[in-house]
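Notebook open, structure loaded. Today I want to look at how the two chains meet.

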Amino acid sequence: MLIKINEKIVLLVMTGIGFYFAGCKKFVQVPPPSTQIVAASVFGDNAAATSALMGIYIAMQPESFSMSQHAGLLSDELTSASTSLDVQPYYFNSLHASSNIFYLGAWRNAYSYIYQVNAIIEGIRNTAGMSPLVEQQLTGEAEFLRAFWYFYLVNSYGDVPLAISTDYTTNELLRRTNKDDVYQQIITDLKEAKTLLNTNYVDGSDTAISQDRIRPNKAVASALLARAYLFTKDYAKAELESDSLMQNGDYQLVSDLNQVFLINSLETIWQLPVPSLSTYSTVDGNSYILTSAPSGGDATARTSTISSFLWNSFEPNDQRKQKWIGSVVTSNPTDTFYFPFKYKSNSLPVTEYTMMLRLAEQYLIHAESLVRQNKNLDLAANDLNAIRRRAGLNDYAGPLDSDSLLTAILHERQTELFTEWGHRWFDLIRTGNINQVMNIVNPQKGGAGWNQDWASFPIPQSEIIKDHNLVQNPGY
Amino acid sequence: MDLQVRCVTKTLRIMRLTAIILLAGSVTVSAHTYSQISLSAKDAPLTKVFKEIQQQTGYDFLFSADLVEHAGTVTLQLTNVSLQRALEECLKGKNLAYEIQEKTIVIKKSDALSAETKNNLPPPIDVHGRITNESNEPLEGVNITVKGSKSGTVTDVDGAFTLRNVDGNATIIISFVGYEQQYIRIANHTALVIKLRQGAESLKDVVVSKGYYDSKQEYNTGNVYKVEGKDLQKQPVTDPLLALEGRVPGLSIQQVSGVPGAYSVIRLRGQNAIQFGKPITANDPLYIVDGTPFSSQSLTNEFVGGGIFNAPKANSGPGYLLGAGQGMSPFNSLNPADIESIEILKDADATAIYGSRGANGVILITTKKGRKGQNKLDVNVYTGTSKVTRYLKLLNTQQYLEMEREAFNNDGLGFLLDPQYAEYFPSLLFWDTTRYTDWQKELMDRSNNFSNAQINFSGGNNNVQFFVGGGYSRQGALFPGNYADRKISTHAALTAASPNTRLHMSLSINYTNDFSNMPGASPTNSITLPPDAPPLYDSHGNLNWAPYGGTATWTNPLSGTYAHANAVSEYYAENLNVRYTLFKGLDIGGNAGYSTQRLDQQNLAPSASAPPPLNTNPMYRTSTFSENSSKTWNLEPQLSYSRTVGKGTLDLLIGSTFLQTVRDSKAELGNGYASDVLITNIQAASVVRIMGVSNAEYRYNGLYGNIRYNWDGKYILNFTGRRDGSSRFGPNRQFGNFGAFGAAWLFSKEKWITNLLPFLSTGKLRASYGVTGNDQIGDYQFMSTYSPNTTAGGIQNVTGLQPTLMPNPYFEWERVRKLEEGVEIGLFKDAVFFTVSHYRNRTDNQLVGYQLPQLTGFGVVEANFPALIQNTGWEFTLHTRNITTKDFSWTSDFNLSISRDKLISFPGIENTPYFYLLRVGQSQSSQLLFKYIGVDPQTGEYKFQTKNESGSPSAPDDWYPTKPLTPLYFAGLGNSLHFKQFQIDFWIQCVNQSGYTNTPFFGAPGASEINQPQEVMERWQKPGDVKNVQRFSITNSTSAFNNFVLSDGVITNASYIRLKNISVSYSLPTTVLSKIHFISARLYVQCQNLFTITKYPGLDPESQGLNLPPLRTITGGLQFSL
């Protein structure tokens, strides 16, 4: 009887175990969460892959304000009323690598976009199922975006680590790549993008032509390429690229200064809209336009005003001073505050898109490229005058030598491109004028005296901690 | 002979062998098992009746066939009587007697038993009695033995017993698990009413649950600590875990905020896993409530946060103690009054049966169940108040202004003190500098109400027992306005057994509804406002914003109370346990449970809470709505078998677990409401967006087995094995094997030792070793997925997708190897009971949220690392019965925990980011900081030890590891005094630890408009000054200050001794009770956190920072039973 009992136990246990092993393996395999899509499905589908790319534009559209505010405060464009640690150190040129700002400048966001771009390039390459035209457009845009962000990284930090894959085991130990080699990658990507991208602007379908100048096309790639050649002193090529845009009938300088930043203005080469649920037209408009005295305290938006340096740099009668700079007057006490007013709207409906690239810059690149090559200075003066005339100014009347012209062009860049993507700050660095300017500006802002090392941002200390192959910039 | 009789005879033969073996050894009267028997027989042979009793009780019979066959037949009708009674009835007038030896009933001729007693004088008497507890409730199953004899009995359901034929001068011994043993001389009394006193029983008799099986503490090979519900219920808290503070060796609890419902950090024997970058639950123990896992993860929505309770987020950096968000505590959903006991399972022996989830220990929470006996109604009501007990000494207006002005002048920025800059520096130039407000008094010095009411009804008979109860509690928040945490809970438990006791079922149901209405931000965080800050209200009684040119010059601290964080938490759980005895020794059964945790949140920011000019912008009116839930079911079939083998008992257990948890959350944001009154309805918003939707499924499957062998109560072996699979791991890495081995030797049962040490009542050595795992990581970390990013909307009618995380399909289990040795000593009948345990937990294959530089695109990826972390510690407990007399008793409990953790090795750490977070040979909680050496008397700036000559420290060269910030020693001392109707319990908690000073929470003195502690006035002012606080500065000395915050200058001693709990109660005497027909009645006063002794300079050494510290609560109440 006892033996029988044991048999029963064994039988029961065996049945149990058998049942268990039949069920368990499958039991612990879970489907992906209903709220997420596996990567393989994303890149097997035209629309889903497009969403992955659009996700980058949606995420990066506020960067225009960050970049222009930070660079504007660092240089001589803006004055700050904020005591926020996200803003104040820029104004005093007192960036600290390990300050409590989690990331300094564009670092974290730029590399996040670059990761996403790399994932898209790899996903398209490794997954079948998309139509070739869509693959081509998306790859082109991805390469363009990679170049775009490396451009801002290399200008902000100098040598930067060059991540061109999603493999974190490689990327986490990257060293800083020489600035020239980063530019090489930028130019390679842009050239490749130029061949891949559509001639026209396309819409969300990746193929149908759109009026909106949102999705980069060949011209957009050319515009950034012109800038990259200018910054790498490859003036002949910069001249060619900018010329191609000036000759392109799709783009014209908009004569009314108040209409330059409107949706699909003819001057637009590339614009990004705010996403559909936004409560204002552009982040720039919402953050720069003042309706009362600038906020003090910990705020970041509506705290930056036009500095006296910029205000005083305009020539008399410059219409840009009237139309692109707004003012608010407070009573008790009486005070006037000037603010960037290129974007006119701080609310709905959406009338403006954030300007990423526009034709006026191409005129100035073209002019400067000619001067730098010391050829056809008349033509360069013409380019310059096109911008000046629109601003209501007389034609350039200075001597027609390259030094004088160059000074005039750089000054025109200051007054034309202020608070747009940090042009002034990057021009000061590029031209080597930075020490001369900042030695005057820094003390007047309340800084502790200018140090030429501060032309580069510090690499965030948290990054050096995690990737110890990174070396900090001098001066930090 | 019919079939049944043959069966009995066969059993007889088997039992005879066993009986001979048993008789050869020690024979003890069974103390544990007794059964209720119902018999109905008409002229039935005794063998048939015996067979019936055998089936109903599981007891075997041993008798000579001749003797019984000649005894004739019996006729009887019995319902629910004790075994003894049944046997007596059967054998009445048959000249037969019985004797119970272990689980065998020996039938003999009656003269054989009474031979000795016949010669004794005076003549034996029959004694009847009734045994109750202190609340006059009958106790069933109490063991009564006659001293110096083998006869004895147990009480029935009404607590009644009968002893027949005992010597009138004999002494009877009354013993019952959980009660003090009593010796009573019969002294020829034939009717006795005996009241047993609870609590002072020997610890070794306590039965502890090890989850899938129970063990008497005496025979336990592992480390399980049990806290009785009644000790929790002496403490006025709404979160049951807070009632464990200081009570359990090895369990460290840090209350990070005094806001009701806030999260606490719970660590059992330290941190086994590298914490950085992991979910905050990564080092949490596994919680099981009535057999179903209870998620310790806060449900507070990760996308929108929880107002005053931050959003739960992973620890991402070295300063994690300062900033990690926590969210609301899920434990606030448990009602402390419904808890019967909490068991804390620590070592491998106890936790390996939980396999991959047992790495950080297991905490089993068991809710109350009905008991056999008189039905009774219990009512318990208390009310009281809470207050902050410690304040900081902050600067007054004069000192504050002096500091600010000095800072401007030191930096050569004195020109900024011109009135034209009034809007930038309002505290100096705009506000009324003659004002003085003590913001701590204004914002913190308040008291709130705390009330609690519980009612329950319980009882039952032999087959069915029930418990139904309900509770209500309301704990006000310390803020201006009607803020409170209100909790309503119900609990029901039903236990049923078939008449033959082969089928047992028990069901428990818990439901809690908690409504937490808290401000959007804590006004107490504003105690650092400049002392000349404007009044809270303007002349019209509205919030005062002191506007300058239409713009607020300050954040009114009450603005947070105009915003609301409303949260409704619901917890529903049910658990069914079934056990069926297939045949003697073999039980089949299992456990099935289901629980739902839900949290519905509303965070409302009306324009009334916004400063001008924002308050005129309808877009500012914002409300977020979130729904969060976690649903779990588990199914755990189990088979157990028990039999005697040799001189011991062998227990076998095999079972399986299937578990699924689905978590969902959704958060929406609406803004642009036309009016503040509309913001509770998202339909009235002009813009609505989905802030986030998440869904996660976790599945878990395990097969476990356990073999226990207890040889003669002296040598005990325990093997546990488990094979587990978890859905959190990638394909082919889901399964892992875990197991443990435990052994114990009760050396006090060895004759030669008791001869040598007669005062030794308990002596046990035990040891265990085993492997458990940890899967406390996020779900789907191995999968490469994209998530929609619709918060902002789309572009060109296309919504965005973003990669969810950095995928890694290759990570696998983290393993903890646990070694434990322990000694348990009881002296003088266990009046002194002392235990020591030593443990060593080693965790390798560390599954870390591996920190990546942002340049990889993500800050973190889940991966295994060969790092080895060791947690070692000593735990001591001492329980003494100091005095036990009829009117006065005094018992003490003491526990001490010493814990150390160390990163033993981390091959290749220098090639990982952890090189900058951890040091080999140091504690995980050691901070890597600069060495502060004082203020430079020349420059007035903080100075640090540096390797190079520059004088400015640089990471990592000048870093050195500080003391660990986790407690190094913690202890608890409890005393329980009983004098007649009075009872006093108090508990003192001691913690030895390091923590952060005030500096990191206040920022640089003078640099911004933040008030400072008085100590900053001892600052450097001129060359030659030797001070500990650097020069006041707006910007110039920022860098030195930033380095100071990253130095050991901000680490200080945060040890404390706290009178955690004191409870005084008065019970009405029995004479009064019987008049008013109460079973019991008690008046009491209970206090929590009564006072704290510490040198810590901040608000509170436990919470640190500027959070609302743990509060002092004083309550008074009444409890009675009918």
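I started with the strands that cross from one chain to the other, keeping in mind that this is a predicted model. Strand E1 of chain A (residues 37–38) runs antiparallel to strand E35 of chain B (residues 785–789), and I found 2 bridges joining them. I then looked up who pairs with whom: Ile37(A) has Tyr786(B) as its bridge partner, and Val38(A) has Thr785(B).

Next I checked the sheet that these strands belong to. It is an open one of 3 strands, ordered E1(A)-E35(B)-E36(B), with antiparallel pairing. E1 of chain A and E36 of chain B (800–803) stand at the edges; each has a single partner strand, so one side of each has no neighbour in the sheet. I also noted a helix on this sheet: H3 of chain A (residues 46–60) packs there, touching E35 and E36 of chain B. The direction of H3(A) makes about 85° with that of E36(B).

Then I went to the whole interface. I get 84 residues from chain B and 83 residues from chain A in the contact. The buried area comes to about 7200 Å², with 67% of it from carbon and sulfur atoms. Tyr786(B), which I had already met as the partner of Ile37(A), turns up again: with Ile795(B) and Leu855(B) it supplies 11% of the area that chain B buries against chain A, more than any other three residues.

Last, the polar side. I looked for salt bridges across the interface and found 0, but there are 11 residue pairs in polar contact. On the chain B side I count 42 nonpolar, 35 polar and 7 charged residues.

Technical notes. Residues numbered from 1 in each chain as written. Chains lettered and ligands numbered in written order. Predicted model: local features only at pLDDT ≥ 70, side-chain atom pairs only at ≥ 80, totals over all residues. Heavy atoms only, no water. Contact = heavy atoms within 4.5 Å. Buried area = accessible area lost by both parts, 1.4 Å probe. Salt bridge = Lys/Arg side-chain N within 4 Å of Asp/Glu carboxyl O. Polar contact = N/O pair within 3.5 Å; in protein donor to acceptor, adjacent residues only side chain to side chain. Nonpolar A, V, L, I, M, F, W, Y, C, P; charged D, E, K, R; others polar. Pairing = 2+ DSSP bridges. Helix = DSSP H or I, 4+ residues; strand = E, 2+ residues; numbered from the N terminus. Axes fitted to C-alpha atoms, helices over the stretch in contact; angles between N-to-C directions.
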